[in-house]
Amino acid sequence: MPNPVSSVLDELLPGNARLFVVSNRGPVTFECAPGTGLGGDPDDGADSPAFRPGDLSASRGSGGLVTALAELGRYAPITWIATSSSDGDRVAGPELRRTHKPLRAIPERDRPLASRVRELLDEQQPGQDLRLDYVDLPREVYGRFYETISNPFLWFLQHQMYALPYGPNVDAGLLDAWRNGYRPANKALAERFAEASKDVERPIVLLQDYHLYLAAGHIRELRPDATILHFNHIPWPPASIWQMLPQGIRRAICEGLLGSDIIGLQTDRYADQFLDTVASFVRDARVDRDGRSIRWHDRRIRVATYPISIDPDGLARFARSDGVDDRLARLEGRLERAGNPKVIVRADRIEPSKNALRGFLAFEEMLHRHPELRSQVRFVAVHAPTRTSIREYAEYAAAVREVVARINGLADPDDQPIWIYDGSDYAMAIAAMRRADVVLVNPIVDGMNLVAKEAVLVGERLPVLVLSETAGAAEQLASDSLAVAPADVAGTADQLERALVMPAEERRYHLRRLRASVREQDLAWWLRRQLRDIAAVRSGALAPSRRLRDTVRQVEAEPA
Ligand code: F6P
């Protein structure tokens, strides 16, 4: 049977046409061995005497965006434009831009580095026709763009994590970061796209996430014939939250996005809130909430819902790999020494929106109510560090460490109620999910949350999902999970207790339904729906937008 994603792509990309992706983070992150590469002086480059091509290494970029899109190159030729986020990216960048040329066409002195870069790219993204184009923003621009505006400002605002009497403060520093960081970064990425697509007629570009709210507007000016889909991976909060910002910024964000043909959001709620925001702040826009479209400057922009998902087959293969088996065996050995307790698992980046702190407080409350559970349950938390150079993230990680230390007290490691593992080791996260009796996903708010979807597929002990009502995944999975409100520490303790004693039959029933739903709406489904809508826009046959909630929530159960 032809692959459904490939067949839509074949239709969209005749001949050798390429699909363009633009995001902040690229699919592969390059690293220079310590003491080599760019060091402190950007002019040293790969010519630095200390640098040898073997000093360059690579890993898969992190985050849901990369996980979802990194497979695209299996289906079609992709040009992926991103920013350089490390010295390694800056060293590899010039070579990445010419990977399509035969090695013999590269000046001899550059060949060792060129072949190392090709080898690493092939290791990370095997068998893909993928051209990476990393834009080197000046460091001060990148800092303002990534560390001031994107995270924390937009991230905190959109996850509603500000204590509003105290923040955000749109002061001179933030305005400077907006003007001299966020704006130029968006412009630079849009210009690079225009350059990379200059020989392509009616290019198709998939813009990603909150880093790039202004990019579609620039691209529309540079390439009026481009078909642009902007997909936002994180929540879109109500208009009242955006109203905290100066008119100039909130309008620029909305109008920048309206340069797109299609604006994709994770859930119906975020799509509705986006439409409201545009209706509130873009006076000359005509918003059709029911038809999910916006008329603006003689163009029609469609707003659609594309809940992101996972690749069940790829995950199943990975979950059975030696690396995961090894880690599971080690975890099981440790659990055996601890008397085979039940296991509650969480796996996330240590980042305030994930709400780990309240998750641990709820667990503590449960132990307080039922001291006997202390020996019968362990909380396995697989935590990945993230954005550690940004103060707000570092402070939150420290607060989490403090609470865990307090709850664990001075007990011996195996007797401690909370076991922390390093989540930059993805195999460990999957091993823990395989062993989970309960999985706690309690974000304050989340665009989607793919851990919820992974956990129900890989769990081997009929895991119960305890899920925040405010995770995007709740629109799909809430009816077969135990719901929690993110601030409800006492209620989360109740649900953890309930999950731990839920009878096997009930667990099996819910798990079957959860699995069926995740398998039906998988990663290929997410991609295909976007590509079909792009095809409809290009042919002028734009089907009316529909609400997901009303149409696809009823799924057939299959055996767990
Ligand atoms: O889903 C993960 C995510 O929210 C993506 O939307 C986004 O690309 C990523 O996090 C950003 O993370 P980072 O700052 O690590 O690139």
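The following exercises, with worked solutions, concern helix packing and one sheet in a predicted model.

**Exercise 1.** Determine how helices α5 and α6 are oriented to each other, and which residues make the contact.

*Solution.*
Step 1. Two packed helices are described by the angle between their axes and the distance between the axes.
Step 2. For α5 (residues 139-158) and α6 (residues 172-196), the angle is about 110° and the axes are 8 Å apart.
Step 3. Angles of 65 to 115 degrees count as roughly perpendicular, and α5 and α6 are therefore roughly perpendicular to each other.
Step 4. The crossing of these two helices is left-handed.
Step 5. On the α5 side, the contact includes R144, F145 and F153; among the α6 residues they and their neighbours meet are D176, W178 and Y182.
Step 6. By class, the contact of α5 with α6 comprises 11 nonpolar, five polar and two charged residues.

**Exercise 2.** Establish the strand order of the six-stranded sheet and identify its edge strands.

*Solution.*
Step 1. The sheet is open, its pairing is parallel, and its order is β14-β13-β12-β15-β16-β17.
Step 2. β14 (418-422) and β17 (482-484) each have a single partner strand, so they stand at the edges with one side lacking a neighbour in the sheet.
Step 3. Neighbouring strands are turned by 20° against each other on average, direction ignored.

**Exercise 3.** State how β15 is joined to β16, and which helices pack on the sheet.

*Solution.*
Step 1. Four bridges join β15 (residues 438-441) to β16 (residues 464-468), and L440 stands opposite V466 in β16.
Step 2. Helix α16 (residues 426-435) packs on the sheet, touching β12, β13 and β14; its direction makes about 150° with that of β12.
Step 3. Helix α19 (residues 489-501) also packs on the sheet, touching β12, β13, β15, β16 and β17; its direction makes about 165° with that of β17.

Note on methods: Residues are numbered from 1 along each chain as its sequence is written. This is a predicted model: local features need pLDDT of at least 70, side-chain atom pairs count only at pLDDT 80 or more; totals for chains, interfaces and linings use all residues. Side-chain values use heavy atoms; hydrogens and water are left out. Axes are lines fitted to C-alpha atoms, for helices over the stretch in contact, and angles run from 0 to 180 degrees between N-to-C directions. Angles under 35 degrees count as roughly parallel, over 145 as roughly antiparallel, 65 to 115 as roughly perpendicular and the rest as oblique. A crossing is left-handed if the near helix is turned anticlockwise from the far one by less than a right angle, and right-handed if clockwise. Contact means heavy atoms within 4.5 Å. Ala, Val, Leu, Ile, Met, Phe, Trp, Tyr, Cys and Pro count as nonpolar, Asp, Glu, Lys and Arg as charged, and the others, Gly among them, as polar. Two strands pair if DSSP finds at least two bridges between them.
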